[in-house]
Amino acid sequence: MILTRRQMFADGALLLAATAGMLGALLAWTDSPVRIVGGLLLALFTPGYALLKALFPRGLTAVERNALSVPASFVVAILIGAAVDQTPYGLSGSLIVALLWMCTVSLMMVAYARSLRNRMPRTIQISRLSLPMGVGTVVVSLLLVEASLIWAGASLVEASLSTPKAFTALSVDGARGVQQSGVPLSVTLDNEEGQPMRYDLEVDAGGTAVSRVEGVQLTSGAHYSMQLPVLADDDTAGADVIAYRAGETTPYRQVHVGPAAQS
Amino acid sequence: VASSVATTQEIAAPAPTSQAVAVSSPVESTEAALRRGIIQRIAGSVVLLIGFGLLGQAYTSPAGGPAAYALYWSGLGACFVGTVVIGISRGARPHHHMAALAALGLGMYLPSYLRNPAYPLFQDELFHIQTLQLMLDYGTTHVPITNFPIAGAYPGLELVGLAVMSASGLSLDVVVRIIPIAIHMAIPLVAYFALTSTGLRSAHAFFGALVYMANWGYYWFHSTFSYESLGALLFLMIVGFGVRLTQPNRRAWVATTLVALLTGVAIVITHHISGAITIGVLLTFAAAFKLKVSGRRSPLLDLALFCLVVWIGWLVYQAGTTILYLGGNFVDRITNLLALFQGNSNSTRSLFWNSASPLPEQFVAYLYPVIALMLISLGLYQQGVPVLRSWRSSRTLDISAARLALAVVGPLLWLATAPGVLTRTADVVYRSWSFLFLGVALFATLGVRPWLIDRSRWSTLRTATVYGVVGLLLGGAVILSGNQAGRFRTTEVHSSAGPEDFTEDMVSAARWLGTDAGRFHFVIGDATSAVGFAVWGMQKTNQGVWPIYYTTDPQLAQTYANDMRAEYITVDMRDARYLPRYGFYFDSFEFLDLRRAVSLGQLLPLEDLAKFDQMPALRRIYDNGDIVVYQNSGLTEVGQ
């Protein structure tokens, strides 16, 4: 491998991005694009790139090295993770990131040390960008690629918007259906129907409605909590809480509180 | 040695450059050829992007309708055509080939993501998502996995996930999508690298990588967050470097061996079967080297033995889960065989019978093995004739050690295992093809190579035919390995107890229980609920619970529930409306229960589900229509 200025710039940029990712992780920059891009490069590309560059000053083309950098980075991440797991610190995210960065930097230094053994030419050839095409063709090509890119992106974004299954959930809060001393029971009604809904809620004990709330209006994604009447200590049947869609008489959702035995 | 050196010289043959192309076509000037190549690549890129867009449109059209089908196949077809146009364009260089292959990898990933953008659906990846979440929470690989402990015993994928999450700060939901994209795009590139290492020219390796992408596992299975996907990627990498160790260039052996060693350790930590297959392949390479270049040592045998020691060491280190899992897996295979012999298993298989695919798709699926067989036969013939001739004349093998090894762990083993797709072990056979297809791709390429280098007046037609055949092969693979949750998002599910039943109401119920009751309660449910409540609710779930469900007697069911110490029981009402996706509602062992009527094509009776409201110690605490959760107070009230 002979160092060229272009390569040195590219490697420098990679190291800079990896360092930004490392700093972003250690300083906990949340939702920072610098951390996301730098972090992704640090985890998925640079360790493998540096490893292959250090081990193969020649024998791998630049294209091969770039292609193998992702799986090689997986290898480095797995080995670092497995090693860190055996330390008293456990799988500490900061430690993993710091080691990935150290690995990248040290391997890159090895790569450069090995490259310097090869004679570096003083003159550096920079290939001039020359397209054997007319300006019109270039413009049309760029427009075509841009238009198809925008259309494909818009199409994929639209397809990524999932339409979830609509449902209404009725649940006993705290996943306990039995009354504890001093803590009244409550139920929650969740509207996930994707549209505003009206419900009626009824508490039945022994086949008799002991409480009823009508016209509970919920927008999509909203919920309603209802505190239940305190059951008598000698109650052996408990109570059913039934949700109806407004205007309907068929129970829509139903849960039970109090002693378990049901009719 | 002489033949090996000859092969190396063949390997060292330079890739065709734009100048070489210009010389071959005297009428066309170099500049014109260059211009034509650039325009072809731009056209290919546009077609690829249009393919992406069409795939997006397929998932916004009414699911299952003719428009969705047309857009889906047009999208995949455009992605393939765009890739081929770039790959065979005038003066295409390795970076063009690799960019096109990576783009096709991305295109073939999209349907898996667009099927359910909100969260993954396949249970194999859900297990790893739970494991990753627990490792994140506990800061160790030794975590209390609640349903499928083997995922934590081989934590390579999760360690990569942790590294990406820690470095980028992205959420788990995003990371479990990014890593499969990286794997799916990298697999064809590493296959390409491995194929060029065997001596194929760049353009031919491009063809071979397309054939490799037609293995059963690539299209859908390797687009999931699964340790087997990462295992397949690392396998390709180690084989690529292993091939280089069969060549007599000792200068590169140290570095190559070091990378292979590191990759070998990583693959052992990542996936049990991938590790075992890697060792087998390395041993085959070592044997081929010994046979071909007797009297010289290669690090291949040492490498294979090192990997074997690490593999056994890891198995012993994780013995608590690995032995149980591998033993259970063996029992499961025996059970499947028993079910077959008893005629008591009706799970659908997409190839050859019970296929739900449209007729044209079935036709292409039938063509898949025929095309693969045809390509393999061509390759074996092209390579086999000179080998036989040289063996007869001088008792030497006129084939490189790498190709000899890949003939065994490629076409020959493929031919041996292919009939297995007709048996109950079909899934094992299909999954093994991810490892065998590198050799298949190599020999398929060698078989059609005369057509690829043809420069006669019919060359365009021949090239189109050859790539058309690979397109059909890829189409067959897409049909055979389709998403187990169904290809499109539908408004209503078609089967129960399968991946398509991981709907929002189930996820919501599982999350509610995890939030309101806390983690690690013992929850029982059907096969889907067991996974869903484990992953999204972090509950302990198990298999073998069917006796509670296959009865109408509330007292008997209560006794079973208490005996099993079930704290919560979930009921999926869809079990009474749809037949199960895999032929069982709860457990593959349930065919042993005579009360089960699934084998007769009957639904789970509604009375079996309605009885939960009459069970003496159950309390109905959650209801969202299809998913109902009961709390079992019998454990404390009965005093058990």
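## A strand pair across the chains

Let's start where the two chains meet through their strands: β1 of chain A and β4 of chain B, the latter covering residues 618-623, are antiparallel and joined by two bridges. Within this pairing, A:S171 sits opposite B:Y622 of β4(B). Please keep in mind that this is a predicted model.

Just beside these strands there is a salt bridge between A:K165 and B:D626, with their closest N and O atoms 2.6 Å apart by calculation. This pair crosses between chains: A:K165 belongs to the loop between α6 and β1 of chain A, while B:D626 belongs to the loop between β4 and β5 (627-632) of chain B.

## A sheet built from both chains

Which strands make up the open sheet of eight, and in what order? Reading across, the order is β5(A)-β2(A)-β1(A)-β4(B)-β5(B)-β3(B)-β1(B)-β2(B), and the pairing is mixed. The edges are β5 (223-227) of chain A and β2 (540-541) of chain B, each of which pairs on one side only. As a general reminder, strands of a sheet pair through backbone hydrogen bonds, in either a parallel or an antiparallel way.

On the chain A side, β1(A) also pairs with β2(A), residues 186-192, in the antiparallel sense, and six bridges join the two. One of the residues involved is A:F167, whose bridge partner in β2(A) is A:E192. On the chain B side, helix α23 (residues 554-564) lies across β1 (522-524), β3 (568-572), β4 and β5 of chain B, and runs at about 70 degrees to β5(B).

## The interface as a whole

Now for the wider view of the interface. Here 83 residues of chain A are in contact with 93 residues of chain B. The area buried between the two chains is about 6,700 Å², and carbon and sulfur atoms give 71% of that area.

Polar links are present too: 19 residue pairs are in polar contact across the interface, both residues having pLDDT 80 or more. Several elements give two or more residues to the chain A side, among them the helices α1 (5-26), α4 (62-85) and α6 (135-160) and the strands β1 (167-172) and β7 (253-257). The most comes from α4(A), with 15 residues. By class, this side of chain A has 51 nonpolar, 23 polar and nine charged residues. Between chain A and chain B there are three salt bridges, and over all chains the count is 16.

## Two helices that meet

How do the axes of α6(A) and α5(B) cross? They come within 9 Å and cross at roughly 30 degrees, α5(B) being the helix of residues 94-115. From α6(A), the contact uses A:L156, A:A159 and A:S160, and from α5(B) it uses B:L110, B:Y113 and B:L114. Sorted by class, this contact has five nonpolar residues, one polar residue and no charged residues.

## A sheet within chain A

Chain A also has an open sheet of four strands, in the order β4-β3-β6-β7, with antiparallel pairing. Its edge strands are β4 (208-218) and β7, each pairing on one side only. On average, neighbouring strands of this sheet are turned by 15 degrees against each other, ignoring direction.

One pairing here is worth following in the structure: β3(A), residues 197-205, runs antiparallel to β4(A), and eight bridges join the two strands. You can find A:E202 there, standing opposite A:R212 in β4(A).

Terms used: Residues are numbered from 1 along each chain as its sequence is written. Chains are lettered from A and ligands numbered from 1 in the order in which they are written. This is a predicted model: local features need pLDDT of at least 70, side-chain atom pairs count only at pLDDT 80 or more; totals for chains, interfaces and linings use all residues. Side-chain values use heavy atoms; hydrogens and water are left out. Contact means heavy atoms within 4.5 Å. Buried area is the accessible area (1.4 Å probe) that two parts lose on being put together, summed over both. A salt bridge is a side-chain nitrogen of Lys or Arg within 4 Å of a carboxyl oxygen of Asp or Glu. A polar contact is a pair of N or O atoms within 3.5 Å; within protein, one must be able to donate a hydrogen and the other to accept it, and residues adjacent in sequence count only if both atoms are side-chain atoms. Ala, Val, Leu, Ile, Met, Phe, Trp, Tyr, Cys and Pro count as nonpolar, Asp, Glu, Lys and Arg as charged, and the others, Gly among them, as polar. Two strands pair if DSSP finds at least two bridges between them. Axes are lines fitted to C-alpha atoms, for helices over the stretch in contact, and angles run from 0 to 180 degrees between N-to-C directions.
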